[in-house]
Amino acid sequence: MKKTLIFVSIGLTLTLIVGIATFQYSRSWQNAFLINPIYKIATDEKLVALTFDDGPSQTRTPALLDLFNRHNVKATFFMLGENIEKYPDIAHAVYNQGHLVGNHSYNHPRLILKSPSFIRDQIKKTDLLIESLGQKEVIYFRPPYSSKYIVLPFVLQSLNKELVTGTYDPPSQYISPYNAQNVANEVIKSTKQGSIIYLHDGKDTDQEQFVESIELIIIGLKEKGYKFVRLDYEN
Ligand SMILES: [Zn+2]
């Protein structure tokens, strides 16, 4: 009886240690349990990928599309299924203008400790909506809050999908009121070869400052010799 208790205690302790270790390992954008996240574009050219999460929205997304048309820039949009349902015409316009659409779940839940069937539902429901825009395949998935512990990698593997994180997430974009110059300065200063930049078009607030920040980023990075690519860019 005493022996069994000792074995059970050792077993539980080991499970806890392994659990904490994998959690710590999975926290950074460069690592995930079981699979390698895409956190930058593999390139030796001056390329940068602008990515936009949580959209489409009623004001930021259309303004962004106009801007991209004027500057001839292509980007990647990680959409929420529920927002595609809310603004189907705007979501269509994103796809029709040559941008790549990725999956960011249906309604932005924290996926930590969720069951495989819950996660699979979130992904599949949104895939169907993205495919209804005309995009044949949905390969890229970016988890809400970048939380990718611990069931998600198994589900993504079984669905043949790529897990996407990123290289840089400008802190100023979370400060209200949104300051275009601050966000742009942070991004321009921190962009490196192959950077994947986190940005958000899912809100309707500060639309003018938001679009201005993206225009400043485009101008500033073009001056430094950068080209803008979608995540599916291949050298
Ligand atoms: Zn998000």
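**Helix packing, core and unusual backbone spots**

K125 sits in helix α5. In this predicted model, K125 is partly exposed, because 16 other C-beta atoms lie within 10 Å, a count between the limits of 12 or fewer for exposed and 20 or more for buried. Leaving aside residues up to four places away in sequence, K125 touches G81 and Y106. Q209 is another matter: K125 and Q209 are 84 residues apart in sequence, and their C-alpha atoms are 33 Å apart in space.

A second lysine, K136, turns up in the loop between α5 and β4. K136 counts as exposed, since it has 6 other C-beta atoms within 10 Å. Between K136 and D44 there are 29 Å in space, C-alpha to C-alpha, and the two are 92 residues apart in sequence.

On to the helix pairs, starting with α2. Helix α2 covers residues 60-71 and helix α4 residues 88-96; their axes come within 10 Å and cross at roughly 25°. That makes α2 roughly parallel to α4, given that angles under 35 degrees count as such. The crossing of α2 past α4 is left-handed. On the α2 side, the residues involved are T61, P62 and L65, and they meet I90, A93 and V94 of α4. Sorted by class, this α2 contact with α4 holds 5 nonpolar residues, 1 polar residue and no charged ones.

Helix α2 also packs against α8, which runs over residues 207-223. The axes of α2 and α8 come within 10 Å, with a crossing angle of roughly 25°, and the two helices are therefore roughly parallel to each other. Here the crossing of α2 past α8 is right-handed. From α2, the contact draws on R60, A63, L64, L67 and H71, while α8 brings in Q207, F210, V211, I214, E215 and I218. By class, the residues where α2 meets α8 split into 7 nonpolar, 2 polar and 2 charged.

Helix α8 has another partner in α7 (residues 180-190): the axes of α7 and α8 are 8 Å apart, and the helices pack at an angle of about 35°. The crossing of α7 and α8 is right-handed. A180, Q181, V183, A184, V187 and I188 make up the α7 side of the contact, and Q209, E212, S213, L216, I217, G220 and L221 the α8 side. Nonpolar residues number 8 in this contact of α7 with α8, next to 4 polar and 1 charged. Q209 of α8, part of the α7 contact, is the residue whose C-alpha lies 33 Å from that of K125.

Next comes the nonpolar core. The largest one has 53 residues, and those with the most contacts inside it are V48, A49, L50, A75, F77, M79 and I197. Helix α8 supplies the largest share of this core, namely 5 residues. As for M79, its contacts beyond four places in sequence are G55, P56, I84, A91, V101, H104 and I130.

Two of those M79 contacts, G55 and P56, are themselves joined by a cis peptide bond, with omega at about -5°. P56 lies in the loop between β1 (47-53) and α2. Y149 and I150 are likewise joined by a cis peptide bond, and omega there is about -5°. I150 belongs to the loop between β4 (140-141) and α6 (152-158). For context, most peptide bonds are trans, and most residues other than glycine have a negative phi.

Positive phi values also crop up. Y145, found in the loop between β4 and α6, has a phi near 60° although it is not a glycine. Y145 is exposed, because 10 other C-beta atoms are within 10 Å. H108, also not a glycine, has a positive phi of about 60°. H108 is placed in the loop between β3 (100-103) and α5 (116-131). With 18 other C-beta atoms within 10 Å, H108 is partly exposed.

Notes
Residues are numbered from 1 along each chain as its sequence is written. This is a predicted model: local features need pLDDT of at least 70, side-chain atom pairs count only at pLDDT 80 or more; totals for chains, interfaces and linings use all residues. Axes are lines fitted to C-alpha atoms, for helices over the stretch in contact, and angles run from 0 to 180 degrees between N-to-C directions. Helices (H or I, at least four residues) and strands (E, at least two) are DSSP runs, numbered from the N terminus. Angles under 35 degrees count as roughly parallel, over 145 as roughly antiparallel, 65 to 115 as roughly perpendicular and the rest as oblique. A crossing is left-handed if the near helix is turned anticlockwise from the far one by less than a right angle, and right-handed if clockwise. Two residues are in contact if their C-beta atoms, placed from the backbone, lie within 7 Å. Ala, Val, Leu, Ile, Met, Phe, Trp, Tyr, Cys and Pro count as nonpolar, Asp, Glu, Lys and Arg as charged, and the others, Gly among them, as polar. A nonpolar core is a set of buried Ala, Val, Leu, Ile, Met, Phe, Trp, Tyr and Cys residues joined through C-beta atoms within 7 Å.
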